[in-house]
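Work through these exercises with the structure in view. Try each task before reading its solution.

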Amino acid sequence: MIEEIKKRRTFAIISHPDAGKTTLTEKFLLYGGAINQAGSVKGKATAKHAVSDWMDIEKERGISVTSSVLQFQYGGCCINILDTPGHQDFSEDTYRTLMVADSAVMVIDASKGVEAQTRKLFKVCAMRHIPIFTFINKMDREARDSFDLLDEIEKELGIPTCPVNWPIGSGKRFAGVYDRETKKIDLFEDTMKGTRVGTMKEMALDDPEIGDYVSEEAMDTLQEEIELLDGASAAFDQDEVDAGQLSPVFFGSALMNFGVETFLNHFLAMTTSPLPRMTDQGLIDPMQEKDFSAFVFKIQANMNKAHRDRIAFMRICTGEFEAGMDAWHVQGGKKVRLAQPQQMMASERKMIDKAYGGDIIGIFDPGIFSIGDTLTTSDAKYAYEGIPTFAPEHFARVRQVNTMKRKQFIKGINQIAQEGAIQIFQEFNTGMEEIIVGVVGTLQFDVLQYRLKHEYNVDIILENLPYEYIRWIENAEIDINKIRGTSDMKKIKDLKGRPLLLFINSWSIGMTLDRNEGLELAEFGRS
Ligand code: G4P
């Protein structure tokens, strides 16, 4: 069992939309033998329809709101890729997915550098101190200067970088990458637009035939850049990589299938098996703990409209899972049967019999699980550390059209909030009358409206509010009524009565902190 767990590599791919996350994932699958031809599983055209047809709204909008997990074997490892929705309208689920990854691969478009969504997702990874690997993609197109790109990553994201390989030109002049460890050049060759696995041609720097592949000018530039790099960039240090304090960087082209195999090989050697996790009884290490344990990080409702059934997705942390086994549901305080276990493949769900620490499974949920819940067969009945609440960036006041339907409205909105798709708040000083909804991506407003109508038969009106920033108040002792804010600040509370502040612009947050000595504001809510 421990051997099985050691083989697991569970990571998320993060990127701004269009940087090449889907293409890179597809190439991984190609190398893993999970698909025979690029485009057959996760080609963009098919991904739009196939990944999930659970919710009609996804079909209507052609967007995948849900994320899936892709599992395949490669190089003696069992790889779980956590696929996060790539659309701009991403949701809190995207953030939560990062809470179950043991490492992350950050895909950056070489012509664009660090973009908004990469920045947000990176922040969550950095908070967890997990190893972060950088793949600078689209080198087959005109790219920005490689040194500038590294500089931007270091300055914008605050993580030192260590290039494992270095590109020779870009766009039409892209000749390949230089491996800094082996001191050899991997030559770029046409892989028919990446539809087949390319044979890698490796050559030493001083190979007399190198001139046939790389121009003299490009070789001179490379020599200069290598010298510069050796002098300027951080040295590779596995401990720093493990602690998320140094990001190994690779260059390549996912589309042309160049540099993907090298990346995969280095990445699997540098990344980590399932890591220990914190519980209320201290760290639980998958290499020591024999009992099964897992925590719920996502709840997908509406799988079958007639039954309003739900699937709870969990990350197995330790031990072995067997279909139909019983486990202790810590938060519910009782034993439950883990029925109908399934794993997600890009386009299909398959039933499974066994799974191990590091794997992600979905379990039938009769409506008893909440995000963050722990399941274990251990007598110690420990609970894994909760999942933080992430800051919504869009807010709206919500009212039901028919005031007679207040009960259904409250029930529906609470249930949807419990699944973690939206967050609900109230005015600070009034009762339950006014409800304010906060979401990470605006698509969730549509999902809310749609689900309330179809599942609870309630029509609602959403009135957008101008706020973009929410802050949790860290000091419990502070008198909320005495907080002196800016004119654009609004005081609200969550369902547990905890006070929060809303702001229209980030500048006001600084002003409010200046005006209230000792006030501590947080971007993540403690669960
Ligand atoms: P995403 O999941 O991060 O959103 O990005 P995705 O892989 O879907 O890629 C976005 C676009 O960038 C796609 O083009 C894809 O073909 C292209 N692309 C990905 N990797 C590379 C690369 O290494 N080099 C080049 N030149 N292009 C790359 P599209 O035209 O939007 O879609 P499609 O019609 O080609 O599928």
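In what follows, two residues are in contact when heavy atoms of theirs lie within 4.5 Å. The model is predicted.

**Exercise 1.** Describe the overall fold in numbers: which elements are there, and what share of contacts joins residues at least 24 apart?

*Solution.* Start with the elements. The protein has 13 helices and 33 strands. Now take the contacts between residues at least 6 apart in sequence. Of these, 71% join residues at least 24 apart.

**Exercise 2.** State how much of the protein is buried and what its accessible surface is made of.

*Solution.* Buried means under 20% relative accessible area. By that cut-off, 56% of the 527 residues are buried. Next, the surface. The accessible area is about 22,500 Å². Carbon and sulfur atoms account for 47% of that area.

**Exercise 3.** Characterise the shell around the ligand: which residues come nearest, and which helix gives the most?

*Solution.* The shell holds 17 residues. Asp-18, Lys-21, Thr-22, Thr-23 and Asp-140 come nearest. Sort the shell by class: four residues are nonpolar, seven polar and six charged. Then look for the main contributor. Helix α2, residues 21–31, gives the most, with three residues.

**Exercise 4.** Find polar contacts to oxygen atoms of the ligand, then say how much of the ligand is buried.

*Solution.* The cut-off for a polar contact is 3.5 Å between N or O atoms. Begin with the backbone. An N or O atom of Gly-20 lies 3.0 Å from a ligand oxygen. For Lys-21, the backbone distance is 2.8 Å. Now a side chain: a polar atom of Thr-23 lies 2.5 Å from a ligand oxygen. Finish with area. Alone, the ligand exposes 700 Å², and the protein buries 73% of that.

Notes: Residues numbered from 1 in each chain as written. Predicted model: local features only at pLDDT ≥ 70, side-chain atom pairs only at ≥ 80, totals over all residues. Heavy atoms only, no water. Near = heavy atom within 4 Å. Polar contact = N/O pair within 3.5 Å; in protein donor to acceptor, adjacent residues only side chain to side chain. Areas by Shrake-Rupley, 256 points an atom, 1.4 Å probe, with all protein chains shown as cover. Helix = DSSP H or I, 4+ residues; strand = E, 2+ residues; numbered from the N terminus. Nonpolar A, V, L, I, M, F, W, Y, C, P; charged D, E, K, R; others polar. Buried < 20%, exposed > 50% of the residue type's maximum accessible area, 1.4 Å probe, protein only.
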